[in-house]
Amino acid sequence: MPRAYHRPCTDIAEFQRLLKHSDRVLALCGAGLSAASGLPTFRGAGGLWRNHQATSLATPEAFKKDPALVWLFYAWRRHMALQAKPNAGHYALAELAKHNKDFMCLTQNVDGLSQRAGHSPDMLRMLHGNIFDVKCFDKECDYIEPNNLSDPLCPALAPASERYPADQTMPLLDPTKPTPKIKREDLPHCPTCKAAGKTSLLRPGIVWFGEALDSDMLKEVDAWVAKPRGIDIMLVIGTAAAVYPAAGYTDAARKKGARIAVINPDRSAQKGLTSRDFYFEADAAEILPKLFEGIIGKPEIPGQAA
Ligand code: APR
């Protein structure tokens, strides 16, 4: 039986008071932050793409085995991200970054929605890269096209960018329909390698399972965490916290004195929290503006009535 005094605090006013008196705030964001923008999460309901676990397509081995399938998956996600709009949660975090003295936001999301909400790049680290960066699959080659927003990326990937009426399922999402056949030569190729007589493919510029995160970025984040002043609050927003090193920042922040605030509609996300911590069982897009209201006021959200 869990003991009552271990339960995290759920009082919004108490959190707002703490935030007002906090100097150093760390945030870790996951796919749940973008759920209200209509982008699917990885795990749990909706975490499947055709008959594949979304995560099983996120490996160099999957790309080597079937680059067309993996590219279709990422072309579809690029298209979805371009169609999506940042939600009130992205805007609230971007605004907090403007107001808080020492704020660091680590996002596992590759969808670019935090940037589009105006989040200061100085206070945002994209742990898992950017889905719009396109780079060479050959590790020896350093070719990269940053933030390529073309949709479709190439004619062969057009099926991933097709629009269907709301009452029809996109064939690309329907596992009973065959996957469009795409020849390797029609996938995007690296121009640098081509000039050297090689035929390397381009790939999305994100971090796949089994790959290392950018070491300079990690050093920078570790240095921020290690500052002697400690950390007042760590926000854990819309993440299953199942993937490392990202998930490890909660313990690191706790060791620096942080009180943890988990924002997640799935109650299992409050596991490990104590009575010093906070838990908000809510949609990030709804609760973040409320939690930060004392600092950010009511920021204007493009396309939304005040
Ligand atoms: N608001 C807040 N949280 C939400 C919402 C919402 N509206 N909707 C869902 N969630 C929560 C879910 O309960 C779940 O705990 O968001 C979490 C999403 O978890 P995952 O799908 O596992 O996503 P994430 O934690 O970001 O995954 C980490 O795994 O595959 C890799 O690289 C990929 O960056 C990703 C990493």
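Visitor: Which domains does the domain assignment give for the protein chain?

Guide: The structure shown is a predicted model, and its chain is divided by a domain assignment whose bounds are not each a single run of sequence. One domain is made up of 1–38 + 87–127 + 215–306, and the other of 40–83 + 129–206. In the order of the assignment, these are domain 1 and domain 2.

Visitor: Where does the ligand lie with respect to domain 1 and domain 2?

Guide: The C-alpha centres of domain 1 and domain 2 are 29 Å apart. Because domain 1 and domain 2 both give residues to the shell around the ligand, the ligand lies between them.

Visitor: Which side chain has an N or O atom 2.9 Å from a nitrogen atom of the ligand?

Guide: Among the 23 residues around the ligand, those that come nearest are A31, F42, R43, T239 and N264. F42 places a backbone N or O atom 2.6 Å from a ligand oxygen, whereas N264 uses a side-chain N or O atom, 2.7 Å from an oxygen of the ligand. For the nitrogen atom of the ligand, the side chain at 2.9 Å is that of D283.

Visitor: How many residues of the shell around the ligand are charged?

Guide: The shell around the ligand can be sorted by residue class, with eleven nonpolar residues and nine polar ones. The remaining class in that division, the charged residues, has three.

Visitor: How many salt bridges does the rule find across the interface of domain 1 and domain 2?

Guide: Twelve residues of domain 1 are in contact with 13 residues of domain 2, and the two domains bury about 890 Å² between them, with 59% of that area on carbon and sulfur atoms. On the side of domain 1 that touches domain 2, seven residues are nonpolar, three are polar and two are charged. Three residue pairs are in polar contact between the domains, but the number of salt bridges found across this interface is zero.

Conventions:
Residues are numbered from 1 along each chain as its sequence is written. This is a predicted model: local features need pLDDT of at least 70, side-chain atom pairs count only at pLDDT 80 or more; totals for chains, interfaces and linings use all residues. Side-chain values use heavy atoms; hydrogens and water are left out. A residue is near a molecule or strand if one of its heavy atoms lies within 4 Å of it. A polar contact is a pair of N or O atoms within 3.5 Å; within protein, one must be able to donate a hydrogen and the other to accept it, and residues adjacent in sequence count only if both atoms are side-chain atoms. Ala, Val, Leu, Ile, Met, Phe, Trp, Tyr, Cys and Pro count as nonpolar, Asp, Glu, Lys and Arg as charged, and the others, Gly among them, as polar. Domain bounds come from an automatic or database domain assignment. Contact means heavy atoms within 4.5 Å. Buried area is the accessible area (1.4 Å probe) that two parts lose on being put together, summed over both. A salt bridge is a side-chain nitrogen of Lys or Arg within 4 Å of a carboxyl oxygen of Asp or Glu.
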